[in-house]
Protein chains: 2
Amino acid sequence: MTTSDAHPTAQTSREVQLAARPVGTPKPSDFSMADVTLPPLEEGQVRVQNLYLTVDPYMRGRMNDVKSYTPPFALGETMTGGAVGRVLESRADGVQVGDVILHDRGWRTHANVNARQARVLTERPGVPLSAYLGVLGMPGLTAYAGLLRVAEFKAGDTVFVSGAAGAVGSAVGQIARLKGASRVIGSAGSADKVRHLTENLGFDAAFNYKDGPVAAQLKAAAPDGIDVYFDNVGGEHLEAAISSLKVGGHAAVCGMISQYNSTEANPAPRNLALMIGKQLTLRGFLVSPHYDLFDTFAEEVGGWIASGELKFDETVVDGIDATPEAFIGLLAGQNTGKMIVRL
Amino acid sequence: MTTSDAHPTAQTSREVQLAARPVGTPKPSDFSMADVTLPPLEEGQVRVQNLYLTVDPYMRGRMNDVKSYTPPFALGETMTGGAVGRVLESRADGVQVGDVILHDRGWRTHANVNARQARVLTERPGVPLSAYLGVLGMPGLTAYAGLLRVAEFKAGDTVFVSGAAGAVGSAVGQIARLKGASRVIGSAGSADKVRHLTENLGFDAAFNYKDGPVAAQLKAAAPDGIDVYFDNVGGEHLEAAISSLKVGGHAAVCGMISQYNSTEANPAPRNLALMIGKQLTLRGFLVSPHYDLFDTFAEEVGGWIASGELKFDETVVDGIDATPEAFIGLLAGQNTGKMIVRL
């Protein structure tokens, strides 16, 4: 049985708990660390040592105590989220010691996991295991399903994606390009990210939304308008996209990161009435109902990664104790590509 | 050849022209009357004496000089819009003197009409010809296509429609009921209209949006939420509907009458981010691409009218010179059901 260097036995897990519900932007003091003794494995469970954890924008919403599509995180309890871990011990058929699994007991070093709620991963040459938390995992599938199914993308479309340097956005833009978009435009929050989009990821145009009004920059980048908007940001970005969308255009509304920390109601978009005349469809979506696409997605996107046609970035933070700051940094836009915690 | 009482020959038409682009709410002085001599008929044209004219909320948008799905009305020229007229003279195959046609040369007493842009109407027992401007015409088809196709209504749904006493709204609610809705809720702007919805049109619940916040009144009327929202109003109504819509719900966005006269950008809905978690679809639409449904619609709705299962109201204003005030009154909510000008 392998043991973690930091912890003498696998029975102990160091975990991040929610200490207080954040008001606006989360602070380090909204989290606390706890060392927890794990109970013995039950039948059907495996014990894992986590290798990689993910922090994602959607987690901010679950920190509020409001009715939503999933229950809020509980105060004084360990957070949850995606994780890749190696199996140390198994009482589940079909899962062997040494297997690598994808599961939802993140924000901790070790966990007892119900094998039926885990996915045994294929270790692919040239593809790091952390990719299953990003471009080959939930964010990648979010991009794939959101673009192709929710936004009804078709070859020849002009596509605009906001938050384009993020885990989802960078996959959206590249999938659009590889699927035959006539033009792919992205927005991001720094000059470095913008340069990365056009120089490394094959975006046709990109702009820094901090450089000026989004509407004006989008108009310059897409003078003939856009067919599809993939929204990770909301607010001013959505308003600009509504103005730019052509008749019959579609928006897949995936996130509104500009609003998650708001303590007041958000006023934009103020031009929503344009959706009538332009016959626009705006669809909010979650990835969960689209896991029927997973195998098709993993084969297609896995192939593009292997061939080097699709690139992905990770911003890696080391150590369980750094997980809160990784999350806070994510909300502040300090990542390029997927924000990963490596244990 | 029949002649109008008011006008000695059919060669003269009395017409309403756009004198100034309205700022905010239109005023009578934004319109002017003109007596126009019609040119001789060209091949393929018919001359009609209009019997009924329609005024509709969408016309307000076309009075602004902005790029839209249809060009703006021109200053100093005669307005256009739906009309039912009797043919006085014909140079078109298939259209006889005495036929009644539906066409788009409204806002005037007489017109030369290209027969290919007109529809010869069936005179049905018990159905007044003005119905072709309302429940059996564009507003009725808007309700039918918007509810069944755009909002993807299915039997068992709980449906909320705003502007429910209007031409479109009253048809939406009744079609929903006749198609098997589990509950139909409407909002309107007066106690009389609200009573009319529940007592005469078969709505399960209705409220006066002037009596209090829309969200609270909608919650009282639909404590378990709604599946479909048919939006004629926008603003606070749309915001309340987004809060009330269940997971996977649909909104057909047909009009935002609360905003047409706005001179400032509109702040609502402020809760659009809810569309992500609830996976809502908001679709703006126009009726024009849905005319493929016309025959199915006219047969089904015509049957319900004949049987008395579907009721419709008209607010009738008499005389061409009263057309501007009919339109201004429509925007102020002075109508119950379709606003009609009878000549």
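This section describes the shared sheet and the helix packing of a two-chain predicted model.

In the predicted model, an open sheet is formed by twelve strands drawn from chains A and B. The strand order runs S10(A)-S9(A)-S8(A)-S11(A)-S12(A)-S13(A)-S13(B)-S12(B)-S11(B)-S8(B)-S9(B)-S10(B), and the pairing is mixed. The edges are occupied by strand S10 (205-208) of chain A and strand S10 (205-208) of chain B; each has a single partner strand, so one side of each is left without a neighbour in the sheet. From one strand to the next, the twist averages 15°. Within the part of the sheet contributed by chain B, strand S8 (residues 158-161) and strand S9 (residues 183-188) pair in the parallel sense over four bridges. Phe160(B) has Ile185(B) in S9(B) as its bridge partner.

Helices from both chains pack on this sheet. In chain A, helix H3 (residues 167-178) touches strand S8 (158-161), strand S9 (183-188) and strand S11 (226-231) of chain A. The direction of H3(A) makes about 170° with that of S8(A). In chain B, helix H5 (residues 214-221) packs on the sheet through S8, S9, S10 and strand S11 (226-231) of chain B. The direction of H5(B) makes about 160° with that of S10(B).

H3(A) is also packed against another helix. The axes of helix H2 (residues 138-150) of chain A and H3(A) come within 8 Å and cross at roughly 45°, which makes H2(A) oblique to H3(A). The crossing of H2(A) past H3(A) is right-handed. On the H2(A) side, the contact comprises Pro139(A), Thr142(A), Ala143(A), Tyr144(A) and Leu147(A); these meet Ala167(A), Val168(A), Ala171(A), Val172(A), Ile175(A) and Ala176(A) in H3(A). The residues of this contact comprise ten nonpolar, one polar and no charged.

For chain B, the axes of helix H2 (residues 138-150) and helix H3 (residues 167-178) come within 8 Å, with a crossing angle of roughly 45°. H2(B) is therefore oblique to H3(B), and H2(B) passes H3(B) in a right-handed crossing. Pro139(B), Thr142(B), Ala143(B), Tyr144(B) and Leu147(B) are the H2(B) residues in the contact, and their counterparts in H3(B) are Ala167(B), Val168(B), Ala171(B), Val172(B), Ile175(B) and Ala176(B). By class, ten residues of the contact of H2(B) with H3(B) are nonpolar and one is polar, with no charged residues.

Key
Residues are numbered from 1 along each chain as its sequence is written. Chains are lettered from A and ligands numbered from 1 in the order in which they are written. This is a predicted model: local features need pLDDT of at least 70, side-chain atom pairs count only at pLDDT 80 or more; totals for chains, interfaces and linings use all residues. Side-chain values use heavy atoms; hydrogens and water are left out. Axes are lines fitted to C-alpha atoms, for helices over the stretch in contact, and angles run from 0 to 180 degrees between N-to-C directions. Angles under 35 degrees count as roughly parallel, over 145 as roughly antiparallel, 65 to 115 as roughly perpendicular and the rest as oblique. A crossing is left-handed if the near helix is turned anticlockwise from the far one by less than a right angle, and right-handed if clockwise. Contact means heavy atoms within 4.5 Å. Ala, Val, Leu, Ile, Met, Phe, Trp, Tyr, Cys and Pro count as nonpolar, Asp, Glu, Lys and Arg as charged, and the others, Gly among them, as polar. Two strands pair if DSSP finds at least two bridges between them.
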